[in-house]
Structure formats: C-alpha cells, structure tokens
Amino acid sequence: MSDTPTSTSEKVLSARPPLWRDIVIIKWVTQVFLLVVVLTALWFLTSQAGDNLKARSISADFNFIERPVDIQLSEGIDTHPDSGGRALWVGMVNTIRISLIGIIFATILGVIVGLARLSNNWLVRRLATIWVETLRNIPLLVQIIFFFSILTVLPRVSLETGPINGWFHISNKGISMPRVFLADGFYQWLVVVLIGAAVSYFVYKKRKRIHDETGADTSPVLWALGVVALFGILGIFIHPIFSWVGSIFGALASLFDSLPILAPQLLLCALSVGLASTWIIRFIRKNRSARGHLSLVDDDWFRIIFTAAVSVAFIVLFVRWTGFSSWILNSGRDLFEVIESKFNVDGAARPFDAMRPDIVQPGKFPNYGSSGLTMSISFAAVFFGVVFYTSAFIGENVRGGILAVPKGQIEAANAVGLKRSHALRHIILPQAFRVILPPTGNQYLNLTKNTSLAIAVGYSDIVQVGTTVFNQTGKTLPVVGIWMLFYLSCSLTISVIVNWFNVRMQLVER
Amino acid sequence: MSDFNVTGAEGTVSIKPPPETPKLPPRLWIKENLFSSPFNIFLTVASTGILLILGRGLLSFIFSHERQWGSTATNLRLLMTQAYPEEQYMRVWVCVGVIFTLTGLSMAVWNAGSRVALRRLGSFLLSTGVVIDILTLLAPFSSSATIIWLCVGTGISLFGGSLVKFSDEDKTMSVLTVTVIALAVAILSLWVVPYGHHSFVFERTPRSLAEAGTVALTTKLPWTIMLLIGIAAYFAGKAIREKVSQNVLRVSVLTIWFLAPPALLYLVLRDPDFDMGHVLNTDIPIFLVFAAVGAGLLFWLTRPTAGELGKVIAAITLLIGFGSFLTPMRMIIRILILLLAIFAISAPTFAGDTQTRRRYSLGWIGVSGVTCWLVTAINTPSTVEVPGSFFIGGVSLTLLIAIFTIVISFPLGILLALGRTSTMPIFRILCTWFIEFVRGIPLITILIFFSIMFPMFLPKEMEIGEVASIVIGYSLFSSAYLAENVRGGLQSVTRGQHEAADAVGMTTPQKTLFIVLPQALRVSIPPLVSHCIGVFKETSLLAIIGLFDILYIARNVIPNQTEFLGSVRENLLFVCLIYWILSYQMSKASQRLERRVGLGER
C-alpha cells in the first residue's frame, strides 16, 4: 500500500518532460534561433554592402598591399613607402613606437603623481590634485590639439634655439637632443653582457642562500646588478674576441635552408594537437569529482568539442597552406643570416656611439638633420598628451593601491622593527602592486588605443596612414580590417604580459 | 547576517564620524605640513616655484594683448549651437527652459541639497579671495586693474572672514540657496559687466576687442528668465509634493526626463513639418489598432493561468515579427510587431492580479504611442534651414550625441552583460567575442568606419544621416564597456540571492529583473557614471570625422574668420574650460550620489 505513492512520485521525477517543456531543449533551441537571426542579419548586411560597393565599382580586395602608392609620410622608418602594405607597416611601427615610449614615461610620471598625492607636504598634495583633476576632466583630443597649437608657434629652427645651445633644441620643427645609438660592435658586446647575466644569476642564488641561512644582509639584487654592470664595462674592452659567435648563426641559417617544408608542418600540427589534448585532459581532470565520476554539463561538452574542432581546423590550415610553413623556414633563415652579418665586424668597433643634433637646409627652410634624436611636433603633441593624461589615471591607481594596504600591515612592520625602506619594499609595495597592476594594465591598453588620436595632428600612425591609403585607393573595408587586426593583437599582447605579471604577483599570496 | 540586523534596529545604527583631528594654530600647521623636514622644505620651495612659474605663464598667456578673446566672445552662439537660424532662436531657449524647469522640479521632488555650515562657506570665500589676490599680483595687469582686482579679492576674503568670525558654530545654509545666489550673481553680472569688452590690460585706455556687450546684451534677459523659471519650478515642485504621493511623482518626473530629449529634439528644435493628412489617415489608425489589439492580447496573456498557450502565442508573434521583413510593408508595422512580441514574451514575468495586468497593458499603449510618434517625427522633414549636414552643432551636438549614446547603450550593455554571464554557451561566446573585440579597438576607427561605411551596409532605399550612423556606432562601442561595468556588479550579487529567488519559485526572467539587476546596478553606479563622463568627453572625437562639434568649430571654423585669423589657442582654452566644468561637476555629483545611495557602507 505504501509503495504506490512512492512509485508514482518516482515516476514523475524520473520521467522526462515533454519536448517543449524540457529546459535543455528550450535553451538550445533559443540559442540556435538567436544564432540564426544574428547570422542572417550579418549575411543580409554584407550582401547589401557587396551590392552597394559593386554599384559604385569599388572592390574590397587586398591588392593595394602590393601596388605602388603615392604617399609621403611625415616621419617613420620609411617616409616614401613604395607600396600600400609598406606604408601601413610604417604606420604600425610608428604606433608601436609612440605607445611603448608613452607607456614608459606615463608609468614614471604616474608613480610620481600618485606618491605626491599621498605626500606629507600640503602644497605638493594640492599640486598633484590639481594635476589629476585638470587632466582627467579634459578630453585627450583637446589636450593633444592644444599642445600642438602651442608647439606650432615656437620660434623657427636655428642653432641658437633651445635651452642648451648645440645640445638640446626646441623649435617649431620639434625637439632635438643628442642621440646614443648602437654601433657595429654592439652584438659582440651583447654576448659579453649575456654571459654576465648568467654569472649574475648564480651570484644572486648564492647571496640569496647565504641570506636565507644566516639572515645576514647580503643584498643579492645589488650584487647581481653589480656583476652585470661589471661585465658591461669589461665588454667594452674585450668584445672583439667574440666575433666567432657569428658562425654559429651562420650554421643555423644553413640548417633552416636545408630543412624540408614537411618539418615545420609536422611541428605545427603536433603543437596544435598537443595543446588541444593537454587542455582537454586538464579540463576533464578538473571536472572529475572526488569519487572519480565525470559530471559534464552540455556547456562543458561544448567546450571540449569546440577545442577539438579548433585544433583540427588549425591542422587542416597548416597542411593546406604550405606558404606559411615555407615562410617560417625562409624567415628563420633570413633572421639568422642577418644576425650573422651583424658579427662580421673587423677590428675594434665601439658598441655605442653618440651624436649631437645638427641642422640641415635642403631647400628654403632649415630643418633638423638625422644625427640627433628628434621628436617632431606631431609626435611631441601626441606624446605629451597621452603621457600627461594617462599619468593622471595611473597616479590615481597608485594612490588607491597604497591606500588599500591595511594599516595593520604597516604597524606590524614597524612593530617587528623593520626599517622604513624595508617595510616599503617587502610589506607595502608587494601588496599595493597587486592592487595597482590590473587597472594600470587597462591604462596601458587605453594609452595604446589613444595614440590613434594622432590623426588629428598629422602624426603618421596606422590610422592616419590607413586613412590616406583608403582615400587614394578606395579600399576602406580592407584597411579597417587591418586596423582592427593590428589593434586587437596589440591589446592581446599587452594583456598577456600584464596577466603574466598578475599571476606571478598572486602566487606570492598564501 | 541576520544576527547583525536583529540587534541593530533600523535607524538606531549610526555611523560614527571619524574623530575630529584637533585644529592646529596656523603657525604650527604650516610647520607640520610644509617645513617638517629638510626634504619637505625642499618640496615646498620647489612646488612653490613651479606654481609661480605656471601661474605667471598661464596668466600672461591669457591677458597678453596678442590674445583675441573677442573671437570666443563674438562666436559664443556658434560654439553653442552652430548655425541655428537667428529668427528661430526662441526654440533653443525653450529647450533650455524645459531643462531648467525639470531640474528645479526634480530638486524639489528628490529633496535635493544638503546644508552647509556658514563657517565652511566663509572659509571657502576667504581662500577664494586670497587666491584672487595672488593671481592678480601674478598677472600682467596695468596698475589700475591690479588695484581693482585686489579690492575685489580682499573684499571677498573680508566677507568670508567675517562669516567665519561672527557666525554661530551650528548655523547652516542650504546648498541650493548658495547655488541660486551664485547663479544670480553671475546673471546679474551679465547686466552690469560688458563681457566681450576686453580692457584692464597693459594699456591705460581700455581697448575693446569684441563688440562691446556681445555676450551680455543678447543673453541677459533669457538667462534671467531661466533662473526665475528654475526657482519657480522648485517651489511648484515643493507644493505638488505635499499633495501627490511620492512614488507617482517620482515616476512621472523620471518619465518626463526620458521623453524630454527626443521631444525637444524632434518637436522643438527640429520644428517638423507634419503632414496632417498622412498622420490622420495612416499613423494614428495604425497606432490605434496596435494599441487596442496589443492591450487586449497582453491583458489576456498576463493571466496567471495563461500557461503554455500564452507562450505559444508569444512565439508566434515573434515569428510574425521576423517574417514581416520578408514582405514589403511599412517599417513602423514591423517595429510594432517586434515590440509586441517582446512584451508578449515577457508577459509571464509580469503576470499578477487585475491591477498589475491593467498596468502592463497601459504600459504597452504608452510605449507603442511613443514609438509611433517618434518614428513619425523622424520621418517628417524639418523646416529649420541650416547650411551643413545637421541642423545643430557645437555644444548642443556634443550633448545630443552623448545623451542618445548613453540612453541607447544602456539596455544594450545590460543585455550584453547578462549574455556574457549566462550559462548558455552560444549566447556567452557571442557576447564575449563582441565585447572583447570592441574593447580591443580604438573609438576613432569605429567612428570612421560608421561615418563612411555604415550607409553602404543598408538597403538602397534606406537613408540614414551621418549623425544617426555615428550614434549607432558610438552606442555599440559604449555598450561593450558598459557591459563590463555591469558584469562587475552582476558578479557582486551573492549566491544566496539567486538561491533565495529560486526557492520562492521565481522564473529566471523574474529573478534577473527583480532580484539580481537592481542589486547589480546599484553596485555599478560609480563605474557607470564615470563611463558616462567618458562618453561625454570622447564626443570630442567627432571633430576628427568632420562633424561640427565644439572642438571642430574652435579649431577649424573660427580661426578662419577674417577678423580672427589664427585664434586657435584662445578658443581651445575655452573648449577646455567647458569640458572641464561639465566633467568635473558630473564627477562631483557622482560622488554625492554614491554617498547618498550608501555605497560602501553596508
């Protein structure tokens, strides 16, 4: 008698609901429906675009990369590029150049601003607050254009302009200063420094071990840096004896030349399979419960299948697209050949050299020559704009990070008698850095993207060059595609680096 | 959690103010804060030097006789509204008046404005006067101007000082009163001081660079009326608040705020030339049919017992909505069917008693009415004749694009955030890819793409203005960032809240709408406000693609006028000032809002 209700309820529980009420099926149907709608809309839009472009007889292909264009760039590694692709490449290099320099200076200035906002000195605190509140609340573009408009009305170029005549010039053609550059002996010198770095690693380990065992203050970092510096100085005198290193790279180049195309293909396929299978195995292992049962929901299956599909797609890509493999081989060979040629220096060449700015007058107007390190005014406007603007945000991050360290930590450090510098280095900064890093990484991303505003002042970054290219060739869509790919890979690179640091910082935690 | 709440009954919990640091006498304070150690002394000297050099440089730049401030003063109207026709300028003032009225009304309804101690006000005035005096001494004024400004500065500080000295410890004043007094002084100065009259500099004889009174003459009367309207609205709001229930009042004021931008834009500023015959024959009947049918359908669908038949009908409506794109028909009908489908699908979420159901149906009538009216207004040609692509520019265009972008990107961003945190893989992947893709590329590439290429992606018969396509692109961009802010809020909603909602038998939409989103949005108020400020600031990028926003006018239009050739820096400084004031005020307001909703206190 008592069996009947139990069995009914069990039946009710175990029976699957009808199709239209099954939550799994409803979810999948909704998703597939949405996917179909999105794809249809995309297809509709692109087909319209195709029709419209055809009606105006514009084609959206990538021919312009190889074709010659008539573009003159204001600055960069090549001011008269011979093809559209080369022009875009110059733009990319310019963007990367200004972003890297900007990131470095914005970090330095930002840390100073952040510390100044926490200073004991009332006036310094106020000054930093004014700095932050002014720069944060004015659009970057307005700032860049304002700096540019100030720089354009500076005096004309002559040897007498500038705070330090002959060494440091400021004029309406830009800012020029002495330049230190790599000379012929640099690569041999680099070998000496690398050896020094290896030695310093062991020195560091040794000093660290002594410190850990005895507690004596052995300052391992200082020692390691000292060893590297020592080798650096030594290298200036002894680097010619390392000219034989070039032959190693020569051998590598000929090895790459003799390899068949199959080798990189096999390597890439193995890499793709290996990565995918490692990921799947780790994923399955992670989802195994304590008793060893797998509990995979449909979402997890989706991930596994997706990973496998991606790896198969890559294998097909590598096998079918032999051009990529031969490109790897060729570029490897070229790379090693170039490195080998760098070592072919006869006699004692200096690793570094320096030159003062000079002024040339090719036509009517004088301009800076190539011997000094010159910032054009466009570069300077964008540079000051992004550096000042980002420094305000980084300063706020630094301030927030230091304030986020619990007061008890500082008090505890004082209580165990740590020196102030030690407390800062071992207690406050590691904890603050953990808070500061993620938002600051975001600011680096923003800075990189913000350099695209250079188009307003005519600095030849990728957006400006791209605009010129599509104005000449009419290939708007391909150029926009190249922009997006470029910026996406920049963002990806920065976030990978920042994440790597982030993970390392978090490992310090318990 | 419950333990804490039981002991601390509501209202008795008071947050202790931090212990007051004892006020140091001035000499000790200076010693403590400026000269406590050698390094500190060095810092003080160095930063004083920097301040003096910067202040002197800025002031001698501003008051140099080479500056053409007349270019800004004469072109203020151009900077604000571009080439809006002179004879229809009344429309602009009506818009400003509506905004002032709404502001006054909302201040009364939300009981805005804290009180400030008179002593704090006094010390603020004191330091302002001192700063004015120092700046006067730094600036390259003629001796008479120096004396006048020194008198002004000293007067202000004396007034502030007397407030500090003679007012009671606990005497306070409403911030609103202070603001109104400040505004009144500013507007009074329009009547007294001839702005655009550039004198007191270098020469002994005042020299007029602009037409005397270009700013003051045309705007003093309207601004006075605006101030009075604002004050009147405030008191009217106070009177209404006594009689009407708080909730009704707040909801209606909020609704007016949301309807105001499109109404002002399409009805007042654009001055549409309605084709009454078409409206009466086509638009109103369509609206009536949809309102009646939709209201009936929704009233039936929101029955708690509607069950599966309701879902089937909702799904059929949705299919009809998508299917309507296959056959030629009016766009308004397609939009209305799709809207109705959304309402039908979400009907079970809002099901309830008769009153709830009636409210839901009324909501449908309101939404469909607004949609019909908007579509009609957009399709009606404008009578405002302006050279150029868009009928308004300058600051107005900046504000317009910022407001529309924020309003459009808000729901989009919330949807994207929900999609990204969803458990359904395809939704999540689509949303994640979209968000990460958009966040990886700079805004200017999106704006260039949308201004040049977006019209290409539309069918030939559809035409879209440049401003509209830019707003679409900008909204997509902004929604990706907004989604990340909302996602942060969504993740802060604790698991217990989800489980509690499940336990009382809420459906997923109900849980999301009534439990999760309100808490998530409350947490993400600070990042959302700073996002809005960012959207406002980045509208300056419109200048690059050649829209007539304030930056473009200041940089490319005014410096080319024959009487003000090359006056770029003056106008750029003015643009900086406008952006700075607006952004700074917004960020201050967001800090007050944060404190008011009690973030970080629970």
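**Entry 1, sheet in chain A.** I looked up the sheet in chain A of this predicted model and found three strands in the order β1-β2-β7, forming an open sheet with antiparallel pairing. Strands here are DSSP runs of E with at least two residues, helices are runs of H or I with at least four, and both are numbered from the N terminus. Two strands count as paired if DSSP finds at least two bridges between them. β1 (169-171) and β7 (373-375) of chain A are at the edges with a single partner strand each, so one side of each has no neighbour in the sheet. I also noted the turn between neighbouring strands of this sheet, which is 15° on average with direction ignored. For such angles, axes are lines fitted to C-alpha atoms (for helices over the stretch in contact), and values run from 0 to 180 degrees between N-to-C directions.

I then went through the pairs. β1(A) and β2(A) share three bridges in the antiparallel sense, and they form a hairpin with two residues between them. Ile170(A) has Ile175(A) in β2(A) as its bridge partner. On the other side I checked β2 (residues 174-177) of chain A against β7(A), an antiparallel pair over three bridges. There Ser176(A) stands opposite Thr374(A) of β7(A).

**Entry 2, numbering and confidence.** I kept the numbering as written: residues count from 1 along each chain's sequence, chains are lettered from A and ligands numbered from 1 in the order in which they are written. Because the model is predicted, local features need pLDDT of at least 70 and side-chain atom pairs count only at pLDDT 80 or more, while totals for chains, interfaces and linings use all residues.

pLDDT is the predictor's confidence in each residue, from 0 to 100. I read an average of 85 for chain A, with 94% of the residues at 70 or above. Residues 1-7 of chain A fall below 50, and this stretch has zero contacts in the model beyond near neighbours in sequence. Contact here requires the C-beta atoms of two residues, placed from the backbone, to lie within 7 Å.

Chain B averages 82, and 91% of its residues score at least 70. I found two stretches of chain B below 50: residues 1-19, with two contacts beyond near neighbours in sequence, and residues 197-213, with 39 such contacts. For the complex, the predictor gives an ipTM of 0.86 and a pTM of 0.83.

**Entry 3, domains.** Domain bounds come from an automatic or database domain assignment. For chain A, I listed domain 1 (3-55), domain 2 (84-160 + 377-507) and domain 3 (265-347). The C-alpha centres of domain 2 and domain 3 of chain A are 33 Å apart.

Chain B has domain 1 (33-239) and domain 2 (244-383 + 391-596), with C-alpha centres 36 Å apart. I counted who takes part in their contact: 22 residues come from domain 1 of chain B and 25 residues from domain 2 of chain B. On the domain 1 side, α4 (69-74), α5 (76-81) and α6 (90-109) of chain B are the elements giving two or more residues. α6(B) has the largest share of that side, eight residues. By class, that side of domain 1 holds eleven nonpolar, nine polar and two charged residues. The classes are Ala, Val, Leu, Ile, Met, Phe, Trp, Tyr, Cys and Pro as nonpolar, Asp, Glu, Lys and Arg as charged, and the others, Gly among them, as polar.

**Entry 4, chain B against chain A.** I found 45 residues of chain B in contact with 44 residues of chain A. Elements of chain B supplying at least two residues to this side include α2 (26-34), α3 (38-62) and α17 (425-440). α24(B) gives the most, with ten residues. The chain B side has 29 nonpolar, twelve polar and four charged residues.

**Entry 5, α23 and α24 of chain B.** Helix α23 (residues 550-557) and helix α24 (residues 568-596) of chain B pack at about 170°, with axes 8 Å apart. That makes α23(B) roughly antiparallel to α24(B); angles over 145 degrees count as such, under 35 as roughly parallel, 65 to 115 as roughly perpendicular and the rest as oblique. I listed the contact: from α23(B), Ile550(B), Leu551(B), Ala554(B) and Arg555(B) meet Val568(B), Asn571(B), Leu572(B), Phe574(B), Val575(B) and Ile578(B) of α24(B). This contact has eight nonpolar, one polar and one charged residues.
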